Amino acid sequence: MGSPMLALENIHAGYGRFEVLHGVDLRVPPGKTVALLGANGAGKTTLLKAAAGLVPTTAGQITLDGVRVERIPPQKRARRGLMLIPEGRGIFRDLTVRENLAMFAGRRSVSEAIERAVAAFPVLDGRLGQRAGSLSGGQQQMVAVSRALIADARVILADELSVGLAPVVVDEIFEAVNVLRAEGRSLVIVEQYVDRVLDVADYVYVLHKGRVALVGEPEQCRRDAVFDQYIGAATHS
Ligand SMILES: Nc1ncnc2c1ncn2[C@@H]1O[C@H](COP(=O)(O)OP(=O)(O)OP(=O)(O)O)[C@@H](O)[C@H]1O
Ligand SMILES: [Mg+2]
């Protein structure tokens, strides 16, 4: 399987003196998709932020391509190919859609970046000059996911991409996730639509109160009593 693209080992992190993660291990092999599940408050967002460098770790190791990164700032981790798509989207609301896409074009031309985004999300074509903050929630999420498509991020951490979106938009978002997978990117996905994310995941991690309660392949996890206990039928869709 090779060395993992992203490996978190014994991660302790939280807010001030309030520890949320009590020694979490998570491995994302190259080109694989990990579903990170757990109840509200389990620590999923905190774990993604710790990986991205937005929440400091108090103990543990983070390696990206075998290089220790837990002490390097978020921008440098991003330059090494780690991208967080945060809850609340992380786009520049006061910039236009075109300007947002241009910012992540990197080595590509802006027109190529726009072509990629529009190919995935045709509705953006008519909105390139519009302020991103004035788009619908679903359209804003399309811009956020387009950033991942455009940028050469190899490890993408996606926090609740589909929250609050209409089913048809959720379908589009998952199609874009499949494009990212097909391109061989590594993904960690936090998602409330458990069945949908299990369909695309290679591995599942269930967090419970800041600890990993279950790890496995989707089919194994679906059959595990621990899975039902912590994920519950209510969150299936
Ligand atoms: N900025 C913050 N300051 C203090 N405590 C926080 C902060 N953000 C989160 N927490 C606390 O950390 C714990 C874990 O929160 P986190 O957001 O990581 O959970 P989550 O699994 O993402 O939950 P959800 O499914 O609701 O998004 C919770 O007890 C929460 O109240
Ligand atoms: Mg969260």
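1. A residue is called buried here if 20 or more other C-beta atoms lie within 10 Å of its own. The points below apply that cut-off to a predicted model.

2. Helix α5 covers residues 137–150, which makes 14 residues. From its first C-alpha to its last it reaches 20 Å, close to the 20 Å expected at 1.5 Å a residue.

3. Is α5 enclosed by the rest of the structure or not? Of its 14 residues, 11 are buried, so the helix is largely enclosed by the rest of the structure. The buried residues are Q140, Q141, M142, V143, A144, V145, S146, R147, A148, L149 and I150. They pack against two strands, β6 (82–85) and β7 (155–159), and against the helices α3 (97–103), α4 (110–120) and α6 (167–182).

4. The packing of α5 with α6 can be described further. The two helices meet at an angle of about 0°, and their axes are 11 Å apart. Angles under 35 degrees count as roughly parallel, and α5 and α6 are therefore roughly parallel to each other. On the α5 side the contact is made by G138, Q141, M142, V145, A148 and L149. On the α6 side it is made by V169, E172, I173, A176, V179 and L180. By class, the residues of this contact are nine nonpolar, two polar and one charged. A general point helps in reading such lists: an α-helix has 3.6 residues a turn, so residues three or four places apart point the same way.

5. Which residues lie around ligand 1? They are Y15, F18, V20, G38, N40, G41, A42, G43, K44, T45 and T46. Two elements give two or more residues to this shell, namely β2 (18–28) and α1 (44–52). Helix α1 gives the most, with three residues. Sorted by class, the shell has four nonpolar, six polar and one charged residues.

6. Two backbone angles deserve a look. N10, in strand β1 (residues 6–15), has a phi near 50°, which is a positive value in a residue other than glycine. N10 has 13 C-beta neighbours inside 10 Å, so it counts as partly exposed.

7. E160 also has a positive phi in a residue other than glycine, here near 55°. Where is E160 found? E160 lies in the loop between β7 and α6. With 21 other C-beta atoms within 10 Å, E160 is buried. Strand β7 and helix α6, on either side of that loop, are also among the elements that the buried residues of α5 pack against.

Conventions. Residues are numbered from 1 along each chain as its sequence is written. Chains are lettered from A and ligands numbered from 1 in the order in which they are written. This is a predicted model: local features need pLDDT of at least 70, side-chain atom pairs count only at pLDDT 80 or more; totals for chains, interfaces and linings use all residues. Helices (H or I, at least four residues) and strands (E, at least two) are DSSP runs, numbered from the N terminus. The expected span of a helix is 1.5 Å times one less than its number of residues. A residue is buried if 20 or more other C-beta atoms lie within 10 Å of its own, exposed if 12 or fewer, and partly exposed in between; C-beta atoms are placed from the backbone. Two residues are in contact if their C-beta atoms, placed from the backbone, lie within 7 Å. A residue is near a molecule or strand if its C-beta atom, placed from the backbone, lies within 6 Å of it. Ala, Val, Leu, Ile, Met, Phe, Trp, Tyr, Cys and Pro count as nonpolar, Asp, Glu, Lys and Arg as charged, and the others, Gly among them, as polar. Axes are lines fitted to C-alpha atoms, for helices over the stretch in contact, and angles run from 0 to 180 degrees between N-to-C directions. Angles under 35 degrees count as roughly parallel, over 145 as roughly antiparallel, 65 to 115 as roughly perpendicular and the rest as oblique.
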